[in-house]
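Hi there,

Thanks for offering to take this one over. The sequence and the structure are just below, and my notes follow underneath.

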Amino acid sequence: MGKGRFITLEGGEGAGKSTLARALAARLGEAGCPTRTTREPGGSPKAEAIREMILAGQAKDYGAFAEALMFSAARIDHIDSLIRPTLDGGEWVICDRFIDSTRVYQGVLGQIDRTLLAELEAVTIAGVMPDLTLILDLDPEIGLARAAKRRRPGEAVDRFEGETLAFHRKLRQAYLDIAAGEPGRCVVLDATLPPDELAEAAWKALGERLQIRPEA
Ligand code: T5A
């Protein structure tokens, strides 16, 4: 059995990444590519514990680099316990957020030195690089409104949802800059599309970039 392919979904808050991950995994399964969906921060029990701490804002006062270290610690466990074994076993992995979230949220917005962050990324992922990254591009006002609508009564906004609109606008641009710099890995999708149409556009990108040959 060959190695599975690794797809990451990126974008701002409420862009529709989790919804798209489920739709793509279903389509890949039907096409004969068993697929596991996962997320960051999290995806493994130890990484989920770190997720809770970060999103509760417990690392915020230590600064962006400390947060980057925590995301990286979570990522190392996630890769070792889930992503690499799944890919090696021949299954595909779709991950809701991965390295580009650290590059954008901690790197660009947290103003961490680019070389330092690149070195941290290299030791963290140890060669487990996405084959394809789909960047869901959306006006942050729409994304934040979607995230707010989904929130349960009394539920607080998390560490990053609570940032200013200016922060979220810069974040959108930083993702577009990554896509422009790595066109071989990244595809930008219009996340204003309704879920079915977005899934169709993503499926087309998978077909073109990863040469999927549906069995079904
Ligand atoms: N972070 C993460 C870092 O700072 N550094 C890092 O290295 C990493 C890995 C994670 C936070 O951590 C930060 C980034 C984040 O702020 P999270 O709760 O996982 O926090 O946040 P998100 O990844 O942004 O997840 P969300 O659940 O908020 O957004 P999704 O997954 O993009 O959106 P989804 O699919 O849950 O949909 C949101 C709502 O919109 C609707 C859905 O039904 C749902 O109600 N929807 C659509 N509506 C219209 N059209 C569509 N196409 C739609 N798709 C979904």
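Let me begin with a spot that is easy to miss: the second largest cavity, with a volume of about 60 Å³. Please keep in mind that this is a predicted model. The residues that line this second largest cavity are Ser72, Arg75, Ile99, Thr102, Leu117, Leu120, Glu121 and Thr124. By class they split into three nonpolar, three polar and two charged. Helices α3, α4 and α5 (114-125) each supply at least two residues of that lining, and α5 gives the largest share, four residues.

Now to the largest cavity. The whole structure has two cavities of 30 Å³ or more, and the largest holds about 120 Å³ of space. Its lining is made up of 17 residues, and Gly11, Gly12, Leu138, Leu171 and Arg172 lie nearest its centre. Two or more lining residues come from each of β4 (132-137), α6 and α7 (165-181). Of these, α7 contributes the most, with five residues. The lining of the largest cavity has nine nonpolar, four polar and four charged residues.

Then there is the ligand. Where does the ligand sit? You will find the ligand in the largest pocket. The elements that each give two or more residues to the shell around it are α1 (17-30), α2 (45-55), α3 (64-88), α4 (99-108) and α6 (140-150). The largest share of this shell, four residues, is from α4.

In total, 26 residues surround the ligand, and those that come nearest are Glu13, Lys17, Ser18, Thr19 and Thr102. Thr102 may look familiar, as it is also listed among the residues lining the second largest cavity. Sorted by class, the shell has nine nonpolar, seven polar and ten charged residues.

A few individual contacts are worth looking up on screen:

- Glu13 places a polar side-chain atom 2.6 Å from an oxygen atom of the ligand.
- Arg97 also has a polar side-chain atom by a ligand oxygen, at 2.7 Å.
- With Gly16 the backbone is involved: one of its polar backbone atoms is 2.9 Å from an oxygen atom of the ligand.

As for how much of the ligand is covered, on its own it has 1000 Å² of accessible area, and the protein covers 85% of that.

That is everything I have for now. Enjoy exploring it, and do write back with any questions.

Best wishes

Terms used:
Residues numbered from 1 in each chain as written. Predicted model: local features only at pLDDT ≥ 70, side-chain atom pairs only at ≥ 80, totals over all residues. Heavy atoms only, no water. Near = heavy atom within 4 Å. Polar contact = N/O pair within 3.5 Å; in protein donor to acceptor, adjacent residues only side chain to side chain. Areas by Shrake-Rupley, 256 points an atom, 1.4 Å probe, with all protein chains shown as cover. 1 Å grid on protein atoms, 1.4 Å probe; cavity = no way out; pocket = protein on both sides within 12 Å on 5 of 7 lines; lining within 4 Å. Sits in = over half its atoms within 2 Å of the grid points. Nonpolar A, V, L, I, M, F, W, Y, C, P; charged D, E, K, R; others polar. Points joined across faces, edges and corners; volume = space filled by probe spheres on them.
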